[in-house]
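Hello,

Here is the structure I promised to pass on. Please open it first, then read my notes below.

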Amino acid sequence: MSIPGIDRPRLVAWMAAHVPDAGEPTEIALISGGRSNLTYRIETPGRRLVLRRPPLGHVLPTAHDMRREWRVISALAGTPVPVPEPVALCADEDVIGAPFYLMGHVEGEAIRSREQAALSPEQARALSERLAEVLAAIHAVDHAAVGLDGFGRPEGYLARQLERWGQQWERSKTRELPEYDALAARLRERLPDRPAAALVHGDYRLDNTLVRLAPGADPEIRAVVDWEMSTLGDPLADLGLTLTYWQDPGDDGGLPVAGDITLTPGFLDTRAFAAHYAKVSGADLTDLDFYLAFGNFKLAVILEGIHARFVQGKTVGEGFEGIGAAVPLLVARAHRALDGR
């Protein structure tokens, strides 16, 4: 059976040369849930592996960089930040049509919904606190010591991010949205002057972690995944984007891209999560409203790119039909954050 994004004969031959201990794959299956890069489970006689490759179409410049993901998980292996085992990188696009890498399979779930994970209030609180603590651990990494010096340019990070995502918007947009233009201008006017430099994940949220659940025990974050947008920059940009995916009790509806897991009784709400992150990291949250707005802005651009691929028929899997409708909602939320609401 044909598998979108995989040339099985070429992949089998490449694995025989580069991962000989695994043996020939017995099963290759697309793992559902990803809306950006494609992720596959590979069963072999020797071990279970996971393959990551870029999407099939509308790949923007600098996006979906497999070498970048590979470099950062290789650097973080052995640090307090949990990551999958790096196994092998293939930069040769002739093998399956794009660069890809293999990593070890991690036993855990990418959790998005209350239905998926029936957490007690104590477990919900523990999981939300652990999510904040792992984010703080990422930002505390000595990037020079683990070989990530030069991984990014932290000076002027926020200004470059605004420019970069503005360019991505122009390449991806499927409609005119004057509210977006006004938002970009407001963000440029409100840029914080922060010299902070840390490793940032770039898309940190609960369903970009793999969580092990056990009855009667605190949930355990086994790995942080999806490092394609990682770099060196302002750590509060990570926090702002994480909270962009959050829902608090009493919010007016939810985004179609955000699960409802944060509505679980016991889960920290937006402000409590930010406060716990500040407690364990020592961060100053004076400009948190800007970072919340910036997170909504960035996610709006990302989703417009995914919507563009959906319109072109280049997405693989389900759940893409409502993505486009989320973009103006995110832009409106960003304006409200800048207004302090």
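**Helix H6 and its cap**

Asp234 caps the N-terminal end of helix H6, with a side-chain oxygen 3.0 Å from the backbone nitrogen of Leu236. Please keep in mind that this is a predicted model.

H6 runs over residues 235-244. How many of its ten residues are buried? Ten of the ten are, so H6 is largely enclosed by the rest of the structure. Charged and polar residues are part of that list: Asp238, Thr242 and Thr244 are among the buried residues of H6. Leu236, whose backbone nitrogen faces the Asp234 cap, is buried as well. So are Pro235, Ala237, Leu239, Gly240, Leu241 and Leu243.

**The protein as a whole**

Now the wider view. The secondary structure comes to nine helices and nine strands. The radius of gyration is 20 Å, close to the 20 Å that the globule rule gives for 341 residues, so the protein is as compact as a globular protein of that length. Its C-alpha trace spans about 55 × 50 × 40 Å along the principal axes.

Buried residues make up 53% of the 341. Take the contacts with a separation of 6 or more: 73% of them join residues 24 or more positions apart. The accessible surface comes to about 14,800 Å². Carbon and sulfur atoms own 49% of that surface.

On charge, there are 36 positive and 47 negative side chains. The centres of the two sets lie 2 Å apart.

**Thr39 in strand E2**

Thr39 lies in strand E2, residues 38-43. Is Thr39 buried or exposed? Its relative accessibility is 15%, so Thr39 counts as buried, the cut-off being under 20%. The side chain of Thr39 makes a polar contact with the side chain of Arg52, at 3.1 Å. Arg52 also appears among the contacts of Thr39 beyond four places in sequence. The others there are Ala29, Leu30, Ile31, Val50 and Leu51.

**Around helices H7 and H8**

Thr286 sits in the loop between helix H7 (270-281) and helix H8 (288-311). Thr286 is exposed, with a relative accessible area of 64%. Which side chain does the side chain of Thr286 meet in a polar contact? That of Asp284, at 2.5 Å. Arg47 is 239 residues from Thr286 along the chain, and their C-alpha atoms are separated by 48 Å.

Arg271 lies in helix H7. Not counting residues up to four places away in sequence, Arg271 touches Leu288, Asp289 and Leu292. With Asp289 there is also a polar contact between side chains, at 3.2 Å. The C-alpha atoms of Arg271 and Glu69 are separated by 30 Å, with their positions 202 residues apart along the chain.

**An unusual phi at Asp226**

One backbone angle deserves a look. Most residues other than glycine have a negative phi. Asp226 is not a glycine, yet has a positive phi of about 65 degrees. Where is Asp226 found? In the loop between strand E8 (220-224) and strand E9 (231-233). Asp226 is buried, with a relative accessible area of 12%.

That is the handover. When you go through the model, start with H6 and its Asp234 cap, then turn to Asp226 and its positive phi.

Best wishes

How values were computed: Residues numbered from 1 in each chain as written. Predicted model: local features only at pLDDT ≥ 70, side-chain atom pairs only at ≥ 80, totals over all residues. Heavy atoms only, no water. Helix = DSSP H or I, 4+ residues; strand = E, 2+ residues; numbered from the N terminus. Rg over C-alpha atoms; globule rule 2.2 N^0.38 Å. Buried < 20%, exposed > 50% of the residue type's maximum accessible area, 1.4 Å probe, protein only. Contact = heavy atoms within 4.5 Å. Areas by Shrake-Rupley, 256 points an atom, 1.4 Å probe, with all protein chains shown as cover. Lys, Arg positive; Asp, Glu negative; His and termini not counted. Charge placed at Lys NZ, Arg CZ, Asp CG, Glu CD. Polar contact = N/O pair within 3.5 Å; in protein donor to acceptor, adjacent residues only side chain to side chain.
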